[in-house]
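Open the model in your viewer and set it to a cartoon view. This tour moves from one selection to the next and says what is there.

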Amino acid sequence: MNGQAASADPQLQHFIEIESQKQRFQQLVHQMTEVCWDKCMDKPGPKLDSRTDMCFVNCVERFIDTSQFILNRLEQTQKGKASFSETMSE
């Protein structure tokens, strides 16, 4: 499929965008699970002890905080580049 077909059909473009967001979300959850499991789970048992439970909670919260910080930083960087480009073209 070429780029013109996708831009000509807004519904298709919207569908692709939603599916891409779903895929990014799934990748993020997988990565967060892997990182927090490796960090917090010493030996799997029938239930989590309070220390392991708190480790998971803290790990997930820090992972989300870090991810949000990075996204905000990238957004600011992109805005800065756009403003710089606009200034240079004037």
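## A stop-by-stop tour

Start with arginine 62: its relative accessible area is 43%, so arginine 62 is partly exposed. Keep in mind that this is a predicted model.

**Stop 1: the salt-bridge network**

Stay with arginine 62 and add glutamate 61. The two form a salt bridge, and their closest N and O atoms are 3.9 Å apart. Glutamate 61 has a relative accessible area of 37%, so glutamate 61 is partly exposed too. Now add Asp65. Glu61, Arg62 and Asp65 are linked in a network of salt bridges. Side chains of opposite charge can pair when their charged atoms come close.

**Stop 2: the whole chain**

Zoom out. How many helices and strands are there in the protein chain? The chain has three helices and zero strands. Read from the N terminus, the elements run α-α-α. Colour the helices if you like. Helix H2 covers residues 10–40, and helix H3 covers residues 50–89.

Switch on the surface. The accessible surface of the protein chain is about 7900 Å². Carbon and sulfur atoms account for 57% of that surface. Of the 90 residues in the chain, 11% are buried.

**Stop 3: the outer pair of cysteines**

Hide the surface and select the cysteines. How many disulfides are there? The count comes to two. A disulfide is a covalent bond between the sulfur atoms of two cysteines.

Pick cysteine 36 and cysteine 59. These two form a disulfide, with sulfur atoms 2.0 Å apart. Cysteine 36 lies in helix H2 and cysteine 59 in helix H3, so the pair ties together parts that are 23 residues apart in sequence. Look along the S-S bond of cysteine 36 and cysteine 59. The torsion there is about -90°, so this disulfide is left-handed. Are these cysteines buried or exposed? Cysteine 36 and cysteine 59 are both buried.

**Stop 4: the inner pair of cysteines**

Next, select cysteine 40 and cysteine 55. A disulfide joins them, 2.0 Å from S to S. This pair links distant parts of the chain: cysteine 40 is in helix H2 and cysteine 55 in helix H3, 15 residues apart. The torsion about the S-S bond of cysteine 40 and cysteine 55 is about -75°, so this disulfide is left-handed. Cysteine 40 and cysteine 55 are both buried.

Show both disulfides together. Which pattern do they follow? With bonded cysteines counted along the chain, the pattern is 1-4, 2-3.

**Stop 5: a buried threonine**

Keep cysteine 40 on screen and add threonine 52. Threonine 52 lies in helix H3. Why does threonine 52 count as buried? Its relative accessibility is 6%, and buried means under 20%. Now look at what surrounds this residue. Leaving aside neighbours within four places in sequence, threonine 52 is in contact with Cys40 and Met41.

**Stop 6: two more salt bridges**

Return to the charged side chains. A search of the whole structure finds five salt bridges. Two of them come next.

Select lysine 22 and glutamate 19. Their side chains meet in a salt bridge, 3.2 Å from N to O. Lysine 22 and glutamate 19 are three residues apart in helix H2, so about one helical turn separates them. Lysine 22 has 48% relative accessibility and therefore counts as partly exposed. Glutamate 19, at 33%, also counts as partly exposed.

Move to helix H3 and select lysine 79 and glutamate 75. These residues form a salt bridge, and the closest N and O atoms are 3.6 Å apart. Lysine 79 and glutamate 75 are four residues apart in helix H3, so they too are separated by about one helical turn. Which label fits lysine 79, buried or exposed? Lysine 79 counts as exposed, because its relative accessibility is 52%. Glutamate 75 is partly exposed, with a relative accessible area of 47%.

**Stop 7: a nonpolar patch**

Bring the surface back for the last selection. Pick Phe69, Ile70, Leu71 and Leu74. Together they make a nonpolar surface patch of about 430 Å². Centre the view on leucine 71, which lies in helix H3. Leucine 71 has 53% relative accessibility, so leucine 71 counts as exposed.

Note on methods:
Residues are numbered from 1 along each chain as its sequence is written. This is a predicted model: local features need pLDDT of at least 70, side-chain atom pairs count only at pLDDT 80 or more; totals for chains, interfaces and linings use all residues. Side-chain values use heavy atoms; hydrogens and water are left out. Patches are made of residues with over 30% relative accessible area and no salt bridge: like charges are joined within 9 Å, nonpolar side chains (Val, Leu, Ile, Met, Phe, Trp, Tyr) within 5 Å. Accessible areas come from the Shrake-Rupley method with a 1.4 Å probe; for residues, only the protein chains shown count as cover. A salt bridge is a side-chain nitrogen of Lys or Arg within 4 Å of a carboxyl oxygen of Asp or Glu. Helices (H or I, at least four residues) and strands (E, at least two) are DSSP runs, numbered from the N terminus. Buried means under 20% relative accessible area, exposed over 50%, partly exposed in between (1.4 Å probe, protein chains only). A disulfide is a pair of cysteine sulfur atoms within 2.5 Å. Contact means heavy atoms within 4.5 Å.
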